[in-house]
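Let's walk through this one together, from the inside out. Have the sequence and the 3D view side by side as you read.

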Amino acid sequence: MDAVLELRHICAGYGDQPVLEDVSLVIPRHRVVGLVGESGSGKSTAARVAAGLLTPTAGEVLLDGQPMAGRRSKADCRKVQMVFQNPEGSLNPKHRVGRALEDAMVFHGTATRGEAREKARRLMARMELPADAPDRLPRSFSGGQKQRIALARALAVEPELLIADEATSALDVSVQLKMLELIRALKSERNLTILFISHDLGVIRYVCDDVVVMRAGRVLEAQPADAFFRRPQTEYGRELLDSVPRIDF
Ligand SMILES: Nc1ncnc2c1ncn2[C@@H]1O[C@H](COP(=O)(O)OP(=O)(O)OP(=O)(O)O)[C@@H](O)[C@H]1O
Ligand SMILES: [Mg+2]
């Protein structure tokens, strides 16, 4: 199988507090892998290891089949882009938002300075942002718009893997649905590979091809989404599924 990213027997934590214990997971190319589990189960920690932001104490991370060791090269950094719950962190409040996309493209070589402006404009239009959006400051946007700007910024550098960590969790239901629809459309348009982290199984069901369940720093089960939603393999998977209020988008 062609995997964009693979975690093999990863242990990781903060200081002397272990969090991940023997976590293995595969993100096949062009699939959306949903990572679910209760708060504190280690989802964001696994994402940080995948993105190269946290060094594991044991195990191996493979990106495009290559083992990652030590600091990642600039080229490898481009390959994995993240969108977080709070988009503020990825936008400079003093710069017009188009510039965030343009600088990222020029830095990673996905556009020249001359091409970047037009490319940013087109990408932001695709995110259904207003035509004047590239020239405005971050504070002039709603939460949902900022999240779509963060998504545009991440996609501007043409990543191999997009990690969305609770990227829609802070949004109102209707705004969240718009973002999820966009992610689904972009997935097929751009052949994206996504690690989609959410504690909301309704959201996972809507966007994901595969489901990975974590609890207390371990992976309990991993299977295609339709199989998981028909019949979870573990007792905990069943509990998770039973505890969701059924919101059908
Ligand atoms: N920067 C940090 N320093 C110390 N401990 C941390 C740090 N970040 C997370 N932890 C701890 O690691 C454990 C796993 O946290 P993590 O953020 O990975 O969980 P999560 O599954 O993403 O939870 P949530 O659904 O609330 O986002 C928790 O016990 C948490 O308190
Ligand atoms: Mg988290």
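**From the core outwards**

The largest nonpolar core holds 72 residues, and those with the most contacts inside it are Ala50, Ala152, Ile163, Leu195, Phe196 and Val207. A nonpolar core here is a set of buried Ala, Val, Leu, Ile, Met, Phe, Trp, Tyr and Cys residues joined through C-beta atoms within 7 Å; buried means that 20 or more other C-beta atoms lie within 10 Å of a residue's own, with C-beta atoms placed from the backbone. Helix α5 (residues 143-156) brings the largest share of this core, 7 residues. Helices (H or I, at least four residues) and strands (E, at least two) are DSSP runs, numbered from the N terminus.

Before going on, note that this is a predicted model: local features need pLDDT of at least 70, side-chain atom pairs count only at pLDDT 80 or more, and totals for chains, interfaces and linings use all residues. Residues are numbered from 1 along each chain as its sequence is written, while chains are lettered from A and ligands numbered from 1 in the order in which they are written.

Back to Ala50: leaving out residues up to four places away in sequence, it touches Leu5, Leu7, Val61, Val80, Ile163 and Leu195. Touching, or contact, means C-beta atoms, placed from the backbone, within 7 Å.

Now for the sheets. One is open, with 4 strands in the order β2-β1-β4-β5 and antiparallel pairing; two strands pair if DSSP finds at least two bridges between them. Its edge strands, β2 and β5 (66-68), each pair on one side only. β1 (residues 3-14) and β2 are joined antiparallel over 8 bridges, and Leu7 sits opposite Leu25 in β2. Helix α1 lies across β1, β2 and β4 (58-63), at about 120° to β1. Such angles run from 0 to 180 degrees between N-to-C directions, with axes fitted to C-alpha atoms, for helices over the stretch in contact.

The other open sheet has 6 strands in the order β6-β7-β8-β3-β9-β10, with mixed pairing. β6 (80-83) and β10 (218-224) are at the edges with a single partner strand each, so one side of each has no neighbour in the sheet.

What surrounds ligand 1? The residues around it are Tyr14, Gln17, Val19, Gly37, Ser39, Gly40, Ser41, Gly42, Lys43, Ser44, Thr45 and His199, near meaning a C-beta atom, placed from the backbone, within 6 Å. α1 gives the most to this shell, with 3 residues.

Note on methods. A residue is buried if 20 or more other C-beta atoms lie within 10 Å of its own, exposed if 12 or fewer, and partly exposed in between; C-beta atoms are placed from the backbone. Two residues are in contact if their C-beta atoms, placed from the backbone, lie within 7 Å.
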